[in-house]
Amino acid sequence: MTAQISSRKWTATGTTTSITAVAAAASPGGNPAGAGYGDDVTAEELERRLGAVPAGDATAFHVWAPAAREVEVLAGGRRHPLDRDGGGVHVGKLPISPGADYGYLLDGGEPLPDPCSRWQPEGLRGPSRVLDTACLAIADGPELAPEELVIYELHVGAFTAEGTFDAVIPHLAGLRELGVTAVELMPVATFPGTRGWGYDGVYTWAPHHAYGGPQGLARLVDAAHRAGLAVILDVVYNHIGPGSERIARFGPYFTDRHETFWGAAIDYSQPAVRAWAIGNALLWACDYRIDGLRLDAVHSVFDDSPVHVLRELAERVPALVIAEMGHDDFRPLDEWGHDAMWLDNLHHELHVLMTGERDGYYAAFGSMDGLVRELRRPSPERLVVAAQNHDQIGNRAFGDRLAPEAHRVALAVVLFSLATPLLFMGEEHDEPAPFRFFTDHDDPVIAEATREGRRREFAAFAAFAGEEIPDPQEPATFERSRISHPEPDPFYRELLRLRRELPRELEASADGPVLTLRRGPATLVADLERRTVRLET
């Protein structure tokens with residue numbers, strides 16, 4: 001079953017009907033049942049129709065292209081016209097089978113991939129491929145109480161030498177034995193090139209071909225569930241990466257009413273754009289049986305509608321919903337009904353106290369009182385905290401991790417706390433390899449802008465004066481970020497064991513630089529000045 005968090009109780013994944021099956025059932029004839037997308041259509045109907053969905057011996061196509069007079073499907077060298085339905089949706093049921101490559105022709109133009117493509121086997125610039133997700137065989141996941149979550153964040157490409165979904169599978173049993181209960185994958189949607197963090201995804205419904213595509217992801221989720229691990233997927237609904245102009249040719253996906261750090265804001269006042277996002281979340285939860293979604297940078301998801309799109313997503317999607325939000329902004333929990341949220345305050349307090357770094361957003365942190373306050377927050381199981389994560393490592397100029405002695409203290413405090421802990425890949429053995437910012441943009445203009453942006457970002461920092469910032473486009477920058485897999489440190493294994501057994505009550509106090517944490521018969525004493533930690537049981 002999917003994870004059960006907060007007051008919401010989700011339907012067992014094993015009995016959830018896939019979007020493919022629902023959409024196929026809704027399309028028995030030439031056009032979808034209830035065709036006529038207009039004011040009376042429900043959001044559920046639109047979400048389940050978008051894209052190419054196998055229906056018996058044919059495939060039902062539904063694409064939102066409101067400005068196009070004519071839309072054709074190009075497949076097997078043949079052009080198949082679609083009917084224009086209400087609301088700018090073009091529809092048709094065509095004699096095209098799963099596994100066929102296709103593209104859309106807008107008013108006779110060049111072939112374009114499907115904005116809701118389930119499969120991009122040749123990457124960003126190649127055709128879409130019809131995928132029958134109802135054929136994906138994935139076991140039921142574990143049922144977890146909120147306080148049982150121990151999250152392990154990993155980047156599929158950098159986690160192993162092979163860099164694939166399948167290559168992750170042999171390591172799952174070891175993570176479960178360590179005490180991890182959920183694996184969180186950094187974004188896997190199709191992005192430019194073959195290496196990148198994944199937050200610049202373009203075809204958000206299509207698992208990246210370089211990692212193993214849809215079948216590879218299905219095998220990983222199935223193996224994780226069989227190992228007793230839930231799977232959380234990092235998803236991005238605040239922007240679309242380089243290549244978004246191909247999406248924009250279909251319709252007004254973007255708005256100039258708002259701006260994001262990464263580019264044009266997505267226009268959630270458009271019902272079809274809301275369906276694009278919520279339908280994507282449903283695809284992961286229903287068809288791939290993903291147990292939870294981590295929503296990236298939700299402060300940049302702008303929506304002035306009566307019901308915020310992220311509240312609607314949380315109400316509709318049968319999965320755990322975790323938001324990434326700026327510190328002390330609790331709208332995800334208080335207004336949008338999310339189950340949990342990332343909160344980096346504890347990381348910042350620990351980092352500043354042990355490193356003395358106070359540049360940028362660290363300036364507001366670094367007191368023992370602040371550290372104790374973070375450890376005493378109410379409803380701690382709804383706060384995801386970390387000693388390190390992909391942002392706090394990778395957004396540093398050289399992607400350097402905490403020094404081993406400092407990391408040992410920080411991770412011990414995180415694991416002993418009552419908040420939901422997140423370990424970033426390699427922390428269990430104090431991984432020495434950095435995690436750097438890396439990209440593989442095939443557009444030379446975007447590639448150079450990325451390099452220059454990275455240089456400008458750190459030019460004002462005295463610590464990096466005269467230093468050559470690693471080139472994100474260089475393959476070596478990515479290769480340097482791959483981790484090793486020695487045995488976990490027994491200290492962390494013991495902390496995770498105690499976490500399962502100790503009472504859910506925490507006493508936190510500070511005496512100078514010494515932090516003392518007590519849970520039942522166990523005491524953790526951390527000296528943040530000397531960078532030492534001891535566990536007393």
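Me: How much space lies in the largest cavity?
Reply: This is a predicted model: local features need pLDDT of at least 70, side-chain atom pairs count only at pLDDT 80 or more, and totals for chains, interfaces and linings use all residues. A cavity is a set of points, on a 1 Å grid over the protein atoms alone, where a 1.4 Å probe fits but cannot get out. Grid points are joined across faces, edges and corners, and a volume is the space filled by probe spheres set on the points. On that basis, the space in the largest cavity is about 100 Å³.

Me: How many cavities of 30 Å³ or more are there?
Reply: Rolling a probe the size of a water molecule over the atoms shows where empty space is left. By this rule, the cavities of 30 Å³ or more number four.

Me: Which element gives the most to the lining of the largest cavity?
Reply: The lining, meaning residues with an atom within 4 Å of a point, counts 16 residues, with Pro187, Ala189, Thr204, Val235 and Val236 nearest the centre. Strand 13 and helix 8 are the elements that give two or more residues. Both are DSSP runs numbered from the N terminus (helices H or I, at least four residues; strands E, at least two). The most, three residues, comes from strand 13.

Me: How many of the 17 residues of helix 8 are buried?
Reply: Helix 8 covers residues 271-287, and its end C-alpha atoms are 22 Å apart. That agrees with an expected 24 Å, taken as 1.5 Å times one less than the number of residues. Buried means under 20% relative accessible area, exposed over 50%, partly exposed in between (1.4 Å probe, protein chains only). The helix is largely enclosed by the rest of the structure, because its buried residues number 16.

Me: Which helix gives the largest share of the lining of the second largest pocket?
Reply: A pocket is an open set of points with protein on both sides within 12 Å along at least five of seven lines. The second largest pocket has a volume of about 250 Å³. Among its 14 lining residues, His171, Gly174, Leu175, Pro486 and Pro488 are closest to the centre. Four lining residues, the largest share, come from residues 172-178, which form helix 5.

Me: Which residue in strand 13 is the bridge partner of Val183?
Reply: Strand 10 (residues 182-185) turns Ala182 and Glu184 one way and Val183 and Leu185 the other, and all are buried. Two strands pair if DSSP finds at least two bridges between them. Strand 10 has four parallel bridges with strand 9 (residues 151-154) and four parallel bridges with strand 13 (residues 230-235). In strand 13, Val183 is partnered by Val231.

Me: Which residue in strand 2 stands opposite Gly51?
Reply: An open, antiparallel sheet of four strands runs in the order 1-2-6-5. Strand 1 (51-55) and strand 5 (83-84) are at the edges, each with a single partner strand, so one side of each has no neighbour in the sheet. Five antiparallel bridges join strand 1 to strand 2 (residues 58-64). Opposite Gly51 stands His62.

Me: Which residue takes a positive phi in the hairpin of strand 21 and strand 22?
Reply: Strand 21 (residues 507-511) and strand 22 (residues 514-519) run antiparallel over five bridges. Asp511 has Val514 as its bridge partner. Two residues lie between the strands, and a positive phi near 65° belongs to Gly512.

Me: What is the angle between the planes of Trp197 and Phe437?
Reply: The structure holds 19 aromatic pairs, where rings of Phe, Tyr and Trp (its six-membered ring) pair if their centres lie within 6.5 Å; planes under 30 degrees apart count as stacked, over 60 as edge-to-face and the rest as tilted. Trp197 and Phe437 are edge-to-face, at 5.4 Å centre to centre and with a plane angle of 80°.

Me: How many residues apart are Trp197 and Phe437?
Reply: Residues are numbered from 1 along each chain as its sequence is written, and side-chain values use heavy atoms, with hydrogens and water left out. Trp197 is buried at 7% relative accessibility, whereas Phe437 is partly exposed at 22%. Their pair links distant parts of the chain, at a separation of 240 residues.

Me: Which Arg has its charged end over the ring of Trp342?
Reply: A charge sits over a ring if NZ of Lys or CZ of Arg is within 6 Å of the ring centre and within 35 degrees of the ring normal. Arg129 sits over Trp119 in this way, 4.9 Å from the ring centre. Over Trp342, 4.0 Å from the ring centre, sits the charged end of Arg294.
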